[in-house]
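Me: Please take a close look at a single part of this structure and then place that part in the rest of the chain. One connected account is enough.

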Amino acid sequence: MAKVNHMVMGVQSSGKTTFAAALWYLIDSREIETVLRKGLHNGDFQYLETIANNWAAGWQVIRTPTNAFEPIRINLKQPRGPEDIDLNFIDLSGESFERIFATRAVDARVESLFEGMDGLLLFVSAIRKKDDMSILDIGLAMPEAMPPEAEDDGADQTTQTVKPNEDPEFTPGKTPQQVQIVDLLQSIADAPMALRPSRIAVIISAWDKAPPVTPDIWLKDRMPLLYQYLINHELAVPFRIYGVSAQGGSLPKREKPDIPSQRTELLKVKVAGERIKVVGHGAGAHDLTHPIQWLSGLED
């Protein structure tokens, strides 16, 4: 059996758990043709079954709690391939990665996962807007933050300078996604860990909320720091960018079913797997296994 170990990484609420739930449902139901299929499985898959059932019923998937360590193993195989693919990826809570960013320390369990990493499935969210603010935007919103030489001497100097009362408390979760991600990628690539994935597949989640552009253009425009990092390391670490809507629209929590959502419309879709949308690199319209196929070096 070919063993491929992929790491899943993303900050809080970046869509990792929903992706895992939809992927398990997709390959288990076999409602839709996918480039990879479900392989042989042994062990306890209660966590996967729970989140997949929530997904199928049209409820928000319960994300991994803080400090939780939920290993997810999904064995996949190529339809015409002689061997199964032992695909392992770990769904850590987003807060776990934010803690690494804030404390500059890596938990021993997390370090062991990076050591066994082949490819990296990297999640970012299309609905978090902090990352599209440029230095110029900050200057327009906070003129006191701009240096004197940046001011236009010929402009009307009627803007009142606002002086903050005190420095805000540092909150890791409010740091732009791209800063956290690039910092972590660079940290694990440097000594003493000195680890790099063989490939990176960037998954832009909540793609149904993104503007009508390609995933590559979205990442370049909204997360230029991350995009430049990927481009600069492309020869050593090839990458691809996919847009993915794993749940198809807004869904309520099971305990709060009356919150406005698109659940009623989504449940009308007769084939539940067709709620899934995948964009990029010739992937099938609903095929979540396509990025994993490429990540594993199995694409024809």
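Reply: What follows starts from helix α6 and works outwards from there.

The model is predicted, so local features need pLDDT of at least 70 and side-chain atom pairs count only at pLDDT 80 or more, while totals for chains, interfaces and linings use all residues. Residues are numbered from 1 along each chain as its sequence is written, and side-chain values use heavy atoms, with hydrogens and water left out.

Helix α6 covers residues 177–189, 13 residues in all. Helices here are DSSP runs of H or I with at least four residues, strands are runs of E with at least two, and both are numbered from the N terminus. From its first C-alpha to its last, α6 reaches 18 Å, close to the 18 Å expected at 1.5 Å a residue; the expected span is 1.5 Å times one less than the number of residues.

The buried residues of α6 are Q177, Q178, Q180, I181, V182, L184, L185, I188 and A189. Buried means under 20% relative accessible area, exposed means over 50%, and partly exposed lies in between, with a 1.4 Å probe and protein chains only. An α-helix has 3.6 residues a turn, so residues three or four places apart point the same way. I181, L184, L185 and I188 are among the buried residues of α6.

One packing partner of α6 is helix α8, residues 224–232. The two pack at an angle of about 30 degrees, with axes 8 Å apart. Axes are lines fitted to C-alpha atoms, for helices over the stretch in contact, and angles run from 0 to 180 degrees between N-to-C directions. The angle makes α6 roughly parallel to α8; under 35 degrees counts as roughly parallel, over 145 as roughly antiparallel, 65 to 115 as roughly perpendicular, and the rest as oblique. The crossing of α6 and α8 is left-handed, a term used if the near helix is turned anticlockwise from the far one by less than a right angle, clockwise being right-handed.

On the α6 side the contact is made by Q178, V179, I181, V182, L185 and Q186, and on the α8 side by P224, L225, L226 and Y229. Contact means heavy atoms within 4.5 Å.

L226, in helix α8, shows this packing from the other side. L226 counts as buried because its relative accessible area is 0%. Leaving aside residues up to four places away in sequence, L226 touches Q178, I181, V182 and L185, and also L122, V124 and L219. V179 and L226 are 47 residues apart in sequence, but their C-alpha atoms are 7.6 Å apart in space.

After α6 comes the loop to β6, where P192 is found. The peptide bond from A191 to P192 is cis, with omega near 10 degrees. A194 is in this loop too, and has a positive phi of about 50 degrees although it is not a glycine. Beyond β6, in the loop leading to α7 (215–222), A206 is another non-glycine with a positive phi, of about 55 degrees.

The wider chain has 10 helices and eight strands. Of its 300 residues, 44% are buried. Among contacts with a separation of 6 or more, 77% are between residues 24 or more positions apart.

The largest nonpolar core has 38 residues, and those with the most contacts inside it are F19, W55, I74, L121, V244 and L288. Such a core is a set of buried Ala, Val, Leu, Ile, Met, Phe, Trp, Tyr and Cys residues joined through side-chain atoms within 4.5 Å. Elements that give two or more residues to the core include α1 (16–29), α2 (46–56) and β6 (199–205). Helix α1 gives the most, with nine residues. Apart from this core lies another, of 34 residues, L120, I200, W207 and L230 among them.

Helix α1 offers a second packing case to set beside α6. Of its 14 residues, 12 are buried. α1 and α2 pack at about 90 degrees with their axes 8 Å apart, and are therefore roughly perpendicular to each other. Among the residues that meet are A21, W24 and Y25 in α1 and L48, I51 and W55 in α2.
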